[in-house]
Amino acid sequence: IQSAVKQSEDYFRLTEAMAAGVAGGREVSRARASAVTTAFRALSVVWIQMRNRSAQLAFALTALNVAYVGALWHNTGDLAAPLGCAVAFVGTELIMCRRSLEARERRAAQRRPGA
């Protein structure tokens with residue numbers, strides 16, 4: 001992230017200097033680059049926090065699923081019951097993912113002109 005921040009600051013300095021076309025615009029470009037870099041840092045922090053929360057939620061849900069299937073296996077003494085439960089769970093999840101993808105593709109097709 002630090003490398004990306006430095007590169008974005010350098011990029012915005014260069015583009016602002018090119019837009020100004022003069023060396024006198026360099027101070028303005030540094031201020032603009034600093035502002036853009038600050039915004040980029042804030043956005044990066046928010047993205048990392050959201051990704052971390054999503055990973056924690058996914059971990060918790062997976063742990064609960066494994067515990068449920070393990071408890072089912074322990075209580076029934078048969079591997080067929082938790083296997084059937086796991087297959088039903090994964091099948092349901094795949095169907096939901098496919099429907100979500102199809103809905104997203106339909107919305108994208110409706111936004112395209114001539115579709």
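The fold, surface and selected residues of the protein are described below. The model is a predicted one.

The protein contains three helices and zero strands. Read along the sequence, the elements follow the order α-α-α. Helix α3 covers residues 80-111.

Burial was assessed over the 115 residues of the protein, of which 11% count as buried. The exposed surface of the protein amounts to about 9400 Å². Carbon and sulfur atoms supply 64% of that area.

A positive patch lies on the surface. Its members are R104, R106, R107 and R111. R104 is placed in helix α3.

Two cysteines were examined for accessibility. C85 has a relative accessibility of 22%. This value is not under 20%, the cut-off for buried, and not over 50%, the cut-off for exposed; C85 therefore counts as partly exposed. C97 has a relative accessible area of 47% and is likewise partly exposed, because exposed requires over 50%. Zero disulfides are present in the structure.

A81 is another residue of helix α3. The relative accessible area of A81 is 31%, so this residue is partly exposed. V69 is twelve residues away from A81 along the chain. The C-alpha atoms of the two residues are separated by 8.5 Å.

Conventions
Residues are numbered from 1 along each chain as its sequence is written. This is a predicted model: local features need pLDDT of at least 70, side-chain atom pairs count only at pLDDT 80 or more; totals for chains, interfaces and linings use all residues. Side-chain values use heavy atoms; hydrogens and water are left out. Patches are made of residues with over 30% relative accessible area and no salt bridge: like charges are joined within 9 Å, nonpolar side chains (Val, Leu, Ile, Met, Phe, Trp, Tyr) within 5 Å. Accessible areas come from the Shrake-Rupley method with a 1.4 Å probe; for residues, only the protein chains shown count as cover. A salt bridge is a side-chain nitrogen of Lys or Arg within 4 Å of a carboxyl oxygen of Asp or Glu. Lys and Arg count as positive and Asp and Glu as negative; His and the chain ends are not counted. The place of a charge is taken as NZ of Lys, CZ of Arg, CG of Asp or CD of Glu. Helices (H or I, at least four residues) and strands (E, at least two) are DSSP runs, numbered from the N terminus. Buried means under 20% relative accessible area, exposed over 50%, partly exposed in between (1.4 Å probe, protein chains only). A disulfide is a pair of cysteine sulfur atoms within 2.5 Å.
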